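Hi,

Here is the structure I said I'd pass on. Have a look at it first, and my notes on the helix packing follow below.

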Amino acid sequence: MPPSTSGASSSHPLQSIQINNEGNNGLIGDGSNNVVMVNSGDLIIDINDSEEEADRLLSRYLSKDALHNSFYSPPECYPNTRTTVCNEIGQWIDESGSDNSPLLWLNGPVGVGKSAIAKTISVLQDQVVATFFFSTSSDRSATTLFPTLAWQLARRIPDTREHIIASLKNSCSLQTSQIEEQFDLLILQPLKSITTLRYRPVMVIDGVDECIDESMLVRFLRALVRAGEDGDMPVRFMICSRPEPRIRTVLGSAHNFKPTADGAAGQEPKLPSLLDKVLYLAYNLCDSRSESHPHTQRSQCATTFLQDVRELYQPIRLGFDTHAPSSSDTSSELADTLDRIYPHAVISTIQLGFSEECKQDIAKYLTDKFNAIPRLGEGTSPWFQPCDISDLVEASCGQFLYASTIARLLDEPHIDPRDVLEMARRGSLPTPDLNKLYKAILKRAQDSIRNQAQDGGPNYETEWRCVKDSLKTLVFLATNVHFFTVPKNYPIIECLLGLDRGKLTPKLGKMHSVISIVPGESVRMHHRSFLEFLQSRERSGGYHIPSSTALRRILILMGRARLRNNIFQ
């Protein structure tokens with residue numbers, strides 16, 4: 001955006017600001033049509049100009065897809081469910097009676113609804129001024145965490161804009177700034193500099209366990225804990241994650257935390273030039289498959305391709321916690337009561353699990369989804385029995401993901417819901433995890449392709465290989481440090497598989513319960529647990545796709561794509 005035309009000098013940040021914002025706790029939405037006045041009365045600034053200036057300075061360091069209202073953001077809680085935990089969080093946010101802890105850690109195993117709760121709180125609670133969802137962010141290394149939160153803060157609380165702008169202009173580049181410095185300059189100091197807020201604003205950080213940089217994860221969590229321990233913290237954070245050891249070490253034992261002497265040390269990861277070379281395939285081959293390329297470009301690409309292949313295999317450490325408690329485990333090191341807050345001076349905690357209310361909520365969700373399906377045949381009786389719901393609830397062991405996967409199966413066209421129910425019985429009951437359900441979904445897709453081939457349809461081997469190659473490509477893109485940020489992967493997969501435009505969607509027609517497809521744009525796994533399933537031999541069996549296998553297949557597909565498009569000629 002163009003530079004600000006504001007008359008405010010970046011070397012003289014505002015010291016005390018008053019806003020035409022009575023009766024709203026100092027929060028004024030997106031700040032449109034507001035005026036900021038310095039208390040001396042001799043300077044009036046159009047707040048929209050400072051918004052443009054903040055946008056210009058922060059634009060290179062934002063992950064707008066990490067916001068709670070981004071395209072891929074998780075859904076909110078199903079209506080009239082998770083009321084206890086949402087009320088508990090609401091009471092923590094409300095400080096009208098007394099100050100509460102500056103940090104709240106919402107933790108629980110895979111699929112219990114942490115992100116949905118975080119999204120619901122972000123939408124319903126006015127005091128939530130900024131959000132960051134790692135699961136949908138194009139940057140999962142945390143390098144854009146605090147700039148993205150600061151950008152939202154400047155829009156929700158315009159008092160902070162001039163202070164954020166001054167910090168950005170007076171400090172070094174955000175790319176070289178330590179994450180602890182970013183937190184102090186972009187979040188803490190701007191909020192400490194104003195006095196108009198009646199309550200401390202809240203920021204929500206979800207999916208912390210999906211941060212791919214181990215060092216950055218620990219450092220930003222420690223920065224939050226230090227600020228909370230120091231007291232007088234002007235902002236509060238709700239942190240959502242699985243209870244992995246690396247996170248539990250910092251958040252579960254905050255009062256015993258002793259930082260190392262070099263806690264702020266560390267270098268930001270640098271992307272090698274290979275990223276551009278491989279994206280050449282995506283953005284040149286995909287968009288210009290039939291066009292010829294300059295000979296010099298083809299020759300250079302062919303010469304450097306093999307020597308740089310070794311750089312491809314830099315897998316992300318996903319931090320899978322094989323020892324984390326399951327959703328059915330009701331014990332806790334923190335002695336929490338499930339779904340209820342366990343108060344602490346610095347870090348309060350809420351542990352999600354298979355509580356009675358959780359069972360009731362899953363039963364309500366499944367019952368509503370089943371009732372929405374028209375009665376089958378000519379009878380008047382429902383196509384399912386109450387015991388079917390009870391069995392599925394027990395099989396879920398508190399995993400809302402399990403129930404939502406069943407619901408997505410029911411949404412697929414040309415499917416008999418009784419077959420889905422029977423598949424769930426055979427595949428998952430009474431297994432307390434998603435492994436057999438995912439196997440059943442893959443087997444169903446495989447059997448469907450085989451049956452179509454037997455009825456005169458496309459060749460089974462070719463069609464099933466297309467599905468497997470698509471999954472291998474998704475595994476490669478999701479687990480490689482250079483490529484998980486590629487947002488438009490649909491044409492990449494089509495190009496690698498040699499498909500005509502628009503042909504990928506029907507090829508993956510039986511995978512919609514585990515894969516989200518936006519034709520022409522992107523293919524994503526609905527939930528990280530499916531990626532973990534594919535990467536674990538013990539869990540996936542014959543469907544296992546390790547990173548090394550995905551890499552080998554990608555290299556083969558890349559070579560074939562290059563030959564098809566005469567890249568080496």
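Before the notes, one cut-off: an angle over 145 degrees between two helices counts as roughly antiparallel. Bear in mind that this is a predicted model.

With that in hand, start with helix α15 (residues 435-454) and helix α16 (residues 460-479), which pack at about 155°. That angle is over 145 degrees, so α15 and α16 are roughly antiparallel to each other. Their axes lie 8 Å apart, and α15 passes α16 in a right-handed crossing. On the α15 side, the contact uses Leu 442, Ala 445, Gln 446, Ile 449, Arg 450 and Ala 453. Facing them from α16 are Tyr 460, Glu 463, Trp 464, Val 467 and Leu 471. Sorted by class, this contact of α15 with α16 has eight nonpolar residues, one polar and two charged.

The other pair is helix α6 (residues 179-192) with helix α7 (residues 214-230). Here the angle is about 45° and the axes are 9 Å apart, so α6 and α7 come out as oblique to each other. Their crossing, with α6 passing α7, is right-handed. α6 brings Ile 179, Glu 180, Phe 183 and Leu 188 to the contact, while α7 supplies Met 216, Arg 219, Phe 220, Ala 223, Leu 224 and Ala 227. The class count for α6 with α7 is eight nonpolar, no polar and two charged residues.

Cheers

Note on methods
Residues are numbered from 1 along each chain as its sequence is written. This is a predicted model: local features need pLDDT of at least 70, side-chain atom pairs count only at pLDDT 80 or more; totals for chains, interfaces and linings use all residues. Side-chain values use heavy atoms; hydrogens and water are left out. Axes are lines fitted to C-alpha atoms, for helices over the stretch in contact, and angles run from 0 to 180 degrees between N-to-C directions. Helices (H or I, at least four residues) and strands (E, at least two) are DSSP runs, numbered from the N terminus. Angles under 35 degrees count as roughly parallel, over 145 as roughly antiparallel, 65 to 115 as roughly perpendicular and the rest as oblique. A crossing is left-handed if the near helix is turned anticlockwise from the far one by less than a right angle, and right-handed if clockwise. Contact means heavy atoms within 4.5 Å. Ala, Val, Leu, Ile, Met, Phe, Trp, Tyr, Cys and Pro count as nonpolar, Asp, Glu, Lys and Arg as charged, and the others, Gly among them, as polar.
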